[in-house]
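Me: I would like a close look at a single part of this model, explained slowly enough for a first-year student. Please set that part in its surroundings as well.

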Number of protein chains: 2
Amino acid sequence: MRASQLPLFTSKDDPKDAQVASHRLLSRAGFIRKQGSGLYVYMPFGDMVHRKIEQIVREEMNRFGGIEVTLPVITPAELWQESGRWDLMGKEMMRMQDRHEVGYALGPTHEEAMTDLARSFLQSYKQLPVNLYQIGRKYRDEIRPRYGLIRCREFVMKDAYSFHVDDASLDETYQKMREAYRAIFERCGLKTIPVEADSGNMGGSGSEEFMVASQIGEETLLLCSDEKCGYRSNQEKTAFIENPKKHGSTEPTNRGISPSADAAVEFETGAAKTIEEVSKLTGSEPRNFIKAVIFEDKENIFLCFIQGDRDLSEIKMKNLAGATEYWPAGEETIKALTGAEPGYAGPQGLKVKDGDTVAKKTLRIFFDRHLKGRSGLIAGANKTGFHTKNVAEGRDFQSGEGHDLIVSHAGDICPQCKKAELTETRGIEVGHIFKLGKKYSQKMNLSVLDPNGKPLTPTMGCYGIGVGRTMATSVEQNHDERGIIWHRNLSPFVVYLVSLAKGEAEVAFVDKLYATLTAQGISVYLDDRDERAGVKFNDAELVGFPFIVTVGKKTLESGKIELKLRRSGEKLEVSEAELIGKIQSL
Amino acid sequence: MRASQLPLFTSKDDPKDAQVASHRLLSRAGFIRKQGSGLYVYMPFGDMVHRKIEQIVREEMNRFGGIEVTLPVITPAELWQESGRWDLMGKEMMRMQDRHEVGYALGPTHEEAMTDLARSFLQSYKQLPVNLYQIGRKYRDEIRPRYGLIRCREFVMKDAYSFHVDDASLDETYQKMREAYRAIFERCGLKTIPVEADSGNMGGSGSEEFMVASQIGEETLLLCSDEKCGYRSNQEKTAFIENPKKHGSTEPTNRGISPSADAAVEFETGAAKTIEEVSKLTGSEPRNFIKAVIFEDKENIFLCFIQGDRDLSEIKMKNLAGATEYWPAGEETIKALTGAEPGYAGPQGLKVKDGDTVAKKTLRIFFDRHLKGRSGLIAGANKTGFHTKNVAEGRDFQSGEGHDLIVSHAGDICPQCKKAELTETRGIEVGHIFKLGKKYSQKMNLSVLDPNGKPLTPTMGCYGIGVGRTMATSVEQNHDERGIIWHRNLSPFVVYLVSLAKGEAEVAFVDKLYATLTAQGISVYLDDRDERAGVKFNDAELVGFPFIVTVGKKTLESGKIELKLRRSGEKLEVSEAELIGKIQSL
């Protein structure tokens with residue numbers, strides 16, 4: 001292709017709102033252009049990269065047993081109502097009504113639509129497993145779209161949904177998808193970190209995210225510092241194990257706090273209310289406090305107790321409680337629960353117990369497992385202006401085995417090897433595979449006949465890859481101050497041929513070289529513009545094809561063609577045959 | 001590909017709402033599946049055909065100078081407001097609001113979005129012409145979606161938009177697109193009728209539609225009965241020329257009506273009000289009446305006079321008036337205009353004239369050109385209960401040269417050769433090319449610098465093809481009672497290999513044949529299901545790949561493979577080499 005046929009859309013200026021390299025470079029290099037908040041046009045080169053990624057995804061999905069279909073982008077509200085997600089999905093889901101005031105979602109995901117499709121043709125266990133995928137537009141009404149293609153509102157995803165007779169079959173496909181994803185990112189030249197992940201709103205039992213490490217990532221990853229262990233997890237999902245260094249002992253029942261035989265005793269704390277304030281007042285460190293965090297939903301109150309120096313993980317609480325929409329408990333609820341103003345809840349001396357009805361809702365009490373066996377603790381006294389000290393688990397309250405409720409951080413202990421410390425990094429999610437279980441198949445009455453002619457509810461998996469994000473994160477990982485450095489498999493063209501030809505003989509030489517390379521199956525972009533050499537070189541570096549070949553007057557004199565490797569910056573003077581060999585071998 | 005990997009989704013039953021062959025057969029053969037009103041899933045085979053058409057479109061567009069980009073499907077309302085079409089597009093345009101209550105359209109077309117893109121990078125006349133296209137989803141909120149893929153609400157279109165310094169350049173690209181479209185439909189094996197078309201809401205000066213003749217078509221085409229003339233036009237656009245047979249004379253000024261020297265005279269018609277009723281009363285045929293049709297919009301009243309036996313073409317009126325949203329004139333307006341109840345408007349003795357202000361609106365009067373020179377006519381007397389007879393143009397009113405305002409039909413005279421009669425056929429539009437002119441570039445301030453450094457407003461063209469409609473109409477044209485008959489270029493696979501293999505040797509033979517054909521670059525779908533031969537043959541005919549190859553016990557005995565040509569039904573017994581030759585030669 002020649003620049004005279006397919007123009008460059010490069011620009012000297014960064015977009016005003018560009019905060020990250022991929023947004024800045026993809027815009028300046030003319031691959032994308034903004035058309036609205038979180039809405040991007042794919043310009044010719046961008047479109048080519050996008051389609052190359054799509055094709056890699058398609059080939060690998062097909063290789064690992066995927067079957068391609070294409071679903072409508074707009075999904076009838078009634079399908080979302082069947083699954084219960086019409087109300088659940090909140091403002092992130094874009095919605096519309098047709099002329100008959102029938103509601104539709106611009107699908108952010110297609111569990112419902114794909115389950116609806118599956119139930120339209122699945123009749124027998126013999127048809128299972130089946131793994132249907134599509135590559136199509138998705139919508140998410142981000143509050144604050146940013147980072148170009150990384151957090152936009154309209155984007156292309158590959159989403160696959162598999163249906164199985166049992167968990168063993170699901171696991172088999174899940175493992176195939178893990179392989180497929182590794183193969184896809186490998187072919188795209190993208191280094192990803194697969195991590196254990198929370199399965200969130202999607203429901204289900206197991207999930208893995210494919211993360212690209214990046215300072216601008218919105219996800220926090222915790223990695224075991226011992227490479228042999230290799231544990232990698234999304235912070236959301238990482239089980240919390242307290243590091244014994246924090247309290248100078250490895251004994252779980254006595255973590256540096258002397259057990260106290262003294263009875264629990266109330267004391268007045270006056271204006272001091274927060275753990276920080278009471279800690280200052282008493283000289284006891286926050287770790288020796290019991291923190292109470294209280295949420296409620298339409299039917300329940302969730303009262304959570306954790307140790308005072310840590311944060312409650314709402315995701316863990318939510319998963320434990322099976323809650324979907326919930327909010328911090330209101331003052332009235334807290335007063336009904338503790339008999340005191342907010343800020344004085346404690347597990348000891350509480351007049352209500354787990355399962356009781358409080359303020360017309362069911363009280364559910366959750367203890368973090370790290371409270372078990374602790375003593376000498378300070379907690380709210382369930383009395384305004386008072387706290388209780390010398391509180392001991394097992395005597396003043398019963399935590400039982402407790403749950404994993406605390407947000408883990410770097411410096412905590414790896415929950416896999418249970419020895420090494422965790423380290424923290426930021427990541428961008430580019431892929432996600434889930435075991436969904438029967439959530440959708442049950443709610444939407446997807447059923448097949450088993451070998452005995454009895455109805456069987458298939459179990460499901462789902463598997464997503466962000467195509468635009470793969471493109472953007474590839475640029476995040478592969479660029480320098482001069483521009484993008486495309487992996488050969490993604491690059492719009494393999495060779496950027498800079499023509500400095502002036503006279504007829506030079507033009508003929510360039511044309512011949514262009515034809516020769518093309519005939520060898522090498523895709524060439526010929527910059528035949530009437531521009532200065534500097535402009536052409538700058539654009540060549542900016543758009544970032546792997547090989548920059550320069551031909552001018554010098555070439556005809558010396559017979560040597562200049563080849564520059566975009567990634568290393570290495571420059572070579574080669575013959576035509578050497579050039580072809582070099583390009584084909586790398 | 002094997003049926004064990006890529007299952008068939010065939011069905012014995014037609015969808016309940018299927019009225020046409022393509023809807024029925026694409027559904028039964030498992031190419032599409034309905035997911036909502038006017039919303040279809042492309043199943044694996046359907047998806048493959050769809051992508052093959054896309055690829056043909058892409059290749060031909062590229063060959064004829066198109067540059068591919070991809071725009072967001074949702075278009076900010078502000079772009080539509082700039083062009084004035086946000087209000088104009090009516091209920092057919094699907095709309096939504098984001099969480100900030102900003103409006104968006106689910107683009108039914110992308111003139112605004114593409115003009116916005118163009119103005120973001122076009123600076124100089126040197127960058128022109130440029131022809132940008134995309135292949136993507138479009139939305140149209142049909143009142144009554146039907147005919148499967150032919151009239152649905154979400155569909156894929158290729159839409160291209162070109163920008164030019166002048167009309168000569170626009171015409172050059174327009175002609176290239178005509179060629180490209182001919183090439184595309186040729187490669188798809190689709191017989192289309194290119195017709196002159198109205199450019200409707202799109203604005204502009206020239207347009208051609210590519211129609212597939214079909215009984216279910218929603219467009220009426222008028223074709224010259226003289227093939228040498230070759231005139232083909234959408235009825236909307238066809239200029240009306242009255243057939244002299246209608247009135248027994250070819251003289252335009254005296255069409256069988258005796259000129260009358262008698263003065264025009266009012267007569268009472270009492271309860272008779274319509275042309276039909278007054279015709280009965282007077283014995284004068286409707287052709288000798290003047291029909292008045294009155295519309296109004298926010299600023300104007302449009303009073304149209306045509307001869308009494310024909311219908312006014314609203315499209316012609318609308319284009320002539322430059323009207324967009326208009327409605328039949330209300331009673332009050334008509335009274336203010338004629339001084340009479342509705343039903344008594346006539347051109348003679350009207351107290352107001354073209355350009356006058358009537359009921360605070362500007363009156364515009366249009367005469368059909370066939371009224372020129374007519375006499376002995378009957379018209380409303382602008383007086384309730386009265387008509388006027390012996391009305392003569394040139395004496396009692398002045399039509400001037402008049403306009404083309406009447407709907408043309410079969411039997412009228414061809415406006416091109418002006419000799420032969422027109423015949424009528426129904427058609428489905430699959431492609432449409434327009435000369436848009438400067439409507440969008442002006443309204444949206446798209447401007448480039450001309451060679452003298454002065455601002456120049458580019459003129460535009462636009463060019464659309466319905467990908468799903470191409471698929472559906474291809475089935476309308478190519479099917480029989482047993483199923484679809486795909487053109488080789490669109491067929492998901494070239495060969496449907498029916499395996500009747502039982503023993504090991506037979507299975508090995510089938511596998512070897514499958515491998516051999518595949519190695520020859522022939523795409524094969526191997527039906528290796530555990531089903532009866534009859535089921536496989538029926539499905540093979542239904543899904544409609546060009547070659548049906550059957551291998552079973554007999555094949556091993558005779559060494560002859562059975563080849564059936566799907567289109568002709570011809571059956572051949574051939575060797576493997578002959579088989580390959582036959583498939584490759586056809």
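What follows is the request made precise, and then one connected reply. Which elements supply the side of chain B that touches chain A?

Reply: This is a predicted model, in which local features need pLDDT of at least 70 and side-chain atom pairs count only at pLDDT 80 or more, while totals for chains, interfaces and linings use all residues. Residues are numbered from 1 along each chain as its sequence is written, and chains are lettered from A and ligands numbered from 1 in the order in which they are written.

It helps to begin with chain A as a whole, whose 586 residues include 48% that are buried (20 or more other C-beta atoms within 10 Å of the residue's own, against 12 or fewer for exposed and in between for partly exposed, with C-beta atoms placed from the backbone). Taken along the principal axes, the C-alpha atoms of chain A fill a box of roughly 100 × 65 × 45 Å. Chain A has 15 helices and 31 strands, where helices (H or I, at least four residues) and strands (E, at least two) are DSSP runs numbered from the N terminus. An automatic or database assignment divides chain A into domain 1 (21–238 + 424–475), domain 2 (244–391) and domain 3 (493–585), and the C-alpha centres of domain 2 of chain A and domain 3 of chain A are 70 Å apart.

Now to the part you asked about. At the meeting of the chains, 38 residues of chain B are in contact (C-beta atoms, placed from the backbone, within 7 Å) with 38 residues of chain A. On the chain B side, at least two residues each are supplied by strands E1 (32–36), E2 (39–42), E3 (67–68), E4 (74–76) and E5 (94–97) and by helices H2 (44–63) and H5 (111–121) of chain B. Helix H5(B) gives the largest share of this side, namely five residues. Sorted by class, the side of chain B that touches chain A has 22 nonpolar (Ala, Val, Leu, Ile, Met, Phe, Trp, Tyr, Cys, Pro), 11 charged (Asp, Glu, Lys, Arg) and five polar residues (the others, Gly among them).

Helix H5 deserves a further look in both chains. In chain B, eight of the 11 residues of H5(B) are buried, so this helix is largely enclosed by the rest of the structure. The buried residues of H5(B) are B:Glu111, B:Glu112, B:Ala113, B:Met114, B:Thr115, B:Asp116, B:Leu117 and B:Ala118. In chain A, H5 (residues 111–121) likewise has eight of its 11 residues buried, and it is therefore largely enclosed by the rest of the structure; A:Met114 and A:Leu117 are among the buried residues of H5(A).

How are the two chains arranged about this meeting place? Chain B is superposed on chain A, with an RMSD of 0.1 Å, by a rotation of 180° with 0.0 Å of shift along its axis, the fit being by least squares on the C-alpha atoms of residues with pLDDT of at least 70 in both copies. The two copies are thus related as by a two-fold rotation axis. Of the residues of chain B, B:Met96 comes closest to that axis, with its C-alpha at 2.5 Å. Because 100% of the interface residues of chain B are also interface residues in chain A, the copies meet through the same surface.

To complete the surroundings, consider a sheet in each chain. In chain A, five strands form an open sheet of mixed pairing in the order E28-E27-E29-E30-E31, where two strands pair if DSSP finds at least two bridges between them. The edge strands, each pairing on one side only, are E28 (524–527) and E31 (571–574) of chain A. Within chain A, strands E29 (residues 547–551) and E30 (residues 561–565) run antiparallel and are joined by four bridges, and the bridge partner of A:Phe547 in E30(A) is A:Leu565.

Chain B also has an open sheet of five strands in the order E28-E27-E29-E30-E31, with mixed pairing. There, five bridges join strand E27 (residues 495–499) of chain B to strand E29 (residues 547–551) of chain B, and these two run parallel. Within that pair, B:Leu497 stands opposite B:Val549 in E29(B).

How values were computed. Contact = placed C-beta atoms within 7 Å.
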